[in-house]
Amino acid sequence: MKIDVCLSPHEVSEEKLKDHIVVVVDVLRASTTICAALAAGAKEIIPAESIEEAIRLASNLSRDAILLCGEREGKLIEGFNLANSPLEYKPKIVKGKTLIFGSTNGTPTIVKTRLATRTLLAGFVNLPTIVGALAEVKIPIIILCSGKLGQFALEDAVCAGNIVHALRQSAGINYELTDGAGAALLLYRHFQDSILQMIKESDHGRYLASIGMQHDLPVCAEINRIPVLPVYHDGKIRVQKDKPGR
Ligand code: MLT
């Protein structure tokens with residue numbers, strides 16, 4: 001079975017994602033925050049391609065039932081309820097709510113997968129859960145790194161490589177790796193004992209520290225901290241408890 005890793009969302013067209021299980025990775029921080037929100041009891045998350053789209057989606061829904069969430073340059077957007085720190089998403093704030101979520105790289109990448117058979121959202125925080133779900137999958141897998149403004153992001157590539165590594169260890173399936181998957185695997189092997197340090201030294205890790213968000217980095221680096229399976233389907237992200245597809 002084939003596994004591909006796209007190191008930037010621009011490497012692949014929407015059409016090419018059809019008939020695949022896609023795993024979107026945005027370690028810093030959209031995937032991690034989405035896991036935190038769902039684990040804290042958010043009902044569902046609607047990813048938006050842009051801030052304008054987030055505001056438009058919110059205007060069609062009852063304001064009491066929703067929270068407007070997301071970031072620009074890693075910071076709270078004026079008029080929004082929450083930004084993009086996983087530590088903000090506490091049960092007393094998000095439980096039972098629909099979140100409209102617009103981030104710079106993560107949510108446009110998620111929306112780009114709308115033609116996929118199913119999309120799973122992954123970070124280090126839910127990596128074993130993702131690997132457990134993928135081990136059951138019988139159709140080709142594409143791991144799509146959100147990157148940073150269309151460019152390569154080290155932390156997403158290392159996380160993708162960790163998924164490839166763990167799948168090869170656990171599933172007893174002979175996976176065929178593309179060059180992208182092989183490169184991600186090599187990066188993971190290089191950084192496997194220093195994930196937090198790698199994140200701290202990455203471009204976006206350093207940027208987040210420079211705007212005072214350094215406390216998010218250990219959260220995003222902690223493997224299995226939030227063992228949920230977020231699935232994007234029909235425009236919404238929800239926790240899935242059964243198998244993601246064959
Ligand atoms: C994104 O989607 O670009 C990120 O999650 C940015 C951030 O760290 O807030």
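This is a short talk on the ligand site of one predicted model and on a few of its loop residues.

Let me begin with the ligand, since several of the later points come back to it. The ligand sits in the largest pocket, and there are 13 residues around the ligand, of which R29, N84, S103, N105 and G106 come nearest. If we sort that shell by class, we find three nonpolar residues, seven polar residues and three charged residues.

Which protein atoms, then, lie 2.7 Å from an oxygen atom of the ligand? There are three cases to show you. In N105, an N or O atom of the side chain is at 2.7 Å from a ligand oxygen, and in H204 it is likewise a side-chain N or O atom that lies 2.7 Å from an oxygen atom of the ligand. With G106, by contrast, the contact comes from the backbone, where an N or O atom is placed 2.7 Å from a ligand oxygen. As for how much of the ligand is covered, taken alone the ligand exposes 270 Å², and the protein buries 99% of that.

Let me stay for a moment with R29, one of the residues that come nearest to the ligand. R29 belongs to the loop between β2 (21-25) and α1 (30-39), and the bond that joins L28 to R29 is a cis peptide bond, with omega at about -5°. As background for the backbone geometry, most peptide bonds are trans, and most residues other than glycine have a negative phi.

That brings me to two residues with a positive phi. E73, which is found in the loop between β4 (66-70) and α3 (91-94), has a phi near 55° and is not a glycine. L149, in the loop between β7 (141-145) and α6 (154-170), is also not a glycine, and its phi is positive at about 50°. Are these two residues buried or exposed? E73 has a relative accessibility of 57%, and because the threshold for exposed is over 50%, E73 counts as exposed. L149 is exposed for the corresponding reason, because its relative accessible area is 63%.

Next I turn to S202, in the loop between α8 (195-201) and α9 (203-210). Its relative accessible area is 3%, and since buried means under 20%, S202 is therefore classed as buried. What does the side chain of S202 reach? It reaches the backbone oxygen of I199, at a distance of 2.7 Å.

The last two residues are of interest for their partners along the chain. I223 lies in the loop between α10 (216-221) and β9 (230-233), and although I223 and V125 are 98 residues apart along the chain, their C-alpha atoms are separated by 4.6 Å. I223 has a relative accessibility of 41%, and because this falls between the limits of 20% and 50%, I223 counts as partly exposed.

A116, for its part, is placed in the loop between α4 (106-112) and β6 (118-122), and its C-alpha atom is separated by 9.6 Å from that of Y232, which is 116 residues away along the chain. A116 has a relative accessibility of 10%, so that with the limit for buried set at under 20%, A116 counts as buried.

To come back to where we started, the picture I would leave you with is a ligand in the largest pocket, with 99% of its 270 Å² buried by the protein.

Terms used. Residues are numbered from 1 along each chain as its sequence is written. This is a predicted model: local features need pLDDT of at least 70, side-chain atom pairs count only at pLDDT 80 or more; totals for chains, interfaces and linings use all residues. Side-chain values use heavy atoms; hydrogens and water are left out. A residue is near a molecule or strand if one of its heavy atoms lies within 4 Å of it. A polar contact is a pair of N or O atoms within 3.5 Å; within protein, one must be able to donate a hydrogen and the other to accept it, and residues adjacent in sequence count only if both atoms are side-chain atoms. Accessible areas come from the Shrake-Rupley method with a 1.4 Å probe; for residues, only the protein chains shown count as cover. On a 1 Å grid over the protein atoms alone, a cavity is a set of points where a 1.4 Å probe fits but cannot get out, and a pocket is an open set with protein on both sides within 12 Å along at least five of seven lines; lining residues have an atom within 4 Å of a point. A molecule sits in a cavity or pocket if more than half of its atoms lie within 2 Å of its grid points. Ala, Val, Leu, Ile, Met, Phe, Trp, Tyr, Cys and Pro count as nonpolar, Asp, Glu, Lys and Arg as charged, and the others, Gly among them, as polar. Helices (H or I, at least four residues) and strands (E, at least two) are DSSP runs, numbered from the N terminus. Buried means under 20% relative accessible area, exposed over 50%, partly exposed in between (1.4 Å probe, protein chains only).
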